[in-house]
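Work through the exercises below with the sequence and the model open beside you, and try each task before reading its solution.

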Amino acid sequence: MKKLKKWWIDTFYEDREETSWWLRKKQLFEKRNAEIIRITGKGALTSKRSYDKNNIYEYNIHLTFFIKQNNYFYIEEKITPYQFRIKNGNVTDHKEVPRIDVTDEGTNDFNRPQYTFHKQDENERFSYNRHAAVQYAERWWNDYNPEYETFTVDCTNFVSQCLRAGGAPMRGQPDRNKGWWYTGSNWSYSWSVAHSLRWYLSGSTIGLKGNEKEKANELLPGDIICYDFQGDGRWDHTTIVVTHDAEGMPLVNAHTDNSRHRYWSYEDSTAWTPNIQYKFFQIG
């Protein structure tokens, strides 16, 4: 861990290419009239694998940012998994742990998924408990509820759990291509796949549905943001709004890179590109 600490210090001060996400983060704070007062980091080794006399280590780094924006203070947290090797006493091949989404088999078509709704339920309404949804998002942002499956790419599964905690009704089981639902051993694509949930929220006219907004600052705690990082029509990520910053802009919680009170635009993400597209959904 001492070698790893030295790698982080050297990288932040010397290797600007490796830390482009960090430079974007600083620029983002400047645009928001905010500043990072203090950063703390804590690493925890999670695994060690050996092959051909090589050791590959995996660890999580938990970064905490103490932020001042005007006269408002808040804390942002982010946890990212990394892996590295030790070669000749030095850290090499340091990178984020690759994460492959295995939840979306059968949903590779970029076209809008087709969902079936029951005509007799067209007038169904539900009362969305935003407070309960946000409470859930705060409780489980860096943990995994054992009542649900955990995925390598867990962002949409996490957001669906938050929506369910807020009282969103499930429908469509057992057909994975219909509705939005979860059971102990199965679930709809819209429950676990970012692309499918984005289109479900747009298309649903009963029960859980999304009222699309034009701007992020129109969203309330408990609302949902969908992300297409490449701008190619494939929706990659989902977050839930939990509060606002000093200028009334959303701060979100998310899984996969587990994050708390992160600025909604994700400009500091390693997945961010200039072609990024967003969808803003008000729930209930």
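**Exercise 1.** In this predicted model, is Cys226 buried or exposed? Decide also whether Cys226 takes part in a disulfide.

*Solution.* Begin with the accessibility: the relative accessible area of Cys226 is 0%, and because buried means under 20%, Cys226 counts as buried. Next, look for a partner: the nearest cysteine sulfur belongs to Cys155 and is 9.3 Å away, whereas a disulfide needs two cysteine sulfur atoms within 2.5 Å. Cys226 is therefore in no disulfide. A search of the whole structure agrees with this step, since it finds zero disulfides.

**Exercise 2.** Determine how far helix H4, residues 155–165, is enclosed by the rest of the structure.

*Solution.* First list the buried residues of H4, which are Cys155, Thr156, Asn157, Phe158, Val159, Ser160, Gln161, Cys162 and Leu163. For one of them, Cys162, the relative accessibility is 0%, so Cys162 counts as buried. Then set the list against the helix: nine of the eleven residues are buried, so H4 is largely enclosed by the rest of the structure. Finally, look past the helix, where H4 is followed by Gly167, a residue with a positive phi near 100 degrees.

**Exercise 3.** Describe the largest cavity by its volume and its lining.

*Solution.* Start with the count, which is one cavity of 30 Å³ or more; the volume of the largest cavity is about 50 Å³. Among the residues that line this cavity are Asp143, Tyr144, Glu149 and His255, together with Asn157 and Gln161, and the last two also appear among the buried residues of H4. Sorting the lining by kind gives two nonpolar, five polar and three charged residues.

Technical notes:
Residues are numbered from 1 along each chain as its sequence is written. This is a predicted model: local features need pLDDT of at least 70, side-chain atom pairs count only at pLDDT 80 or more; totals for chains, interfaces and linings use all residues. Side-chain values use heavy atoms; hydrogens and water are left out. On a 1 Å grid over the protein atoms alone, a cavity is a set of points where a 1.4 Å probe fits but cannot get out, and a pocket is an open set with protein on both sides within 12 Å along at least five of seven lines; lining residues have an atom within 4 Å of a point. Grid points are joined across faces, edges and corners, and a volume is the space filled by probe spheres set on the points. Ala, Val, Leu, Ile, Met, Phe, Trp, Tyr, Cys and Pro count as nonpolar, Asp, Glu, Lys and Arg as charged, and the others, Gly among them, as polar. Buried means under 20% relative accessible area, exposed over 50%, partly exposed in between (1.4 Å probe, protein chains only). Helices (H or I, at least four residues) and strands (E, at least two) are DSSP runs, numbered from the N terminus.
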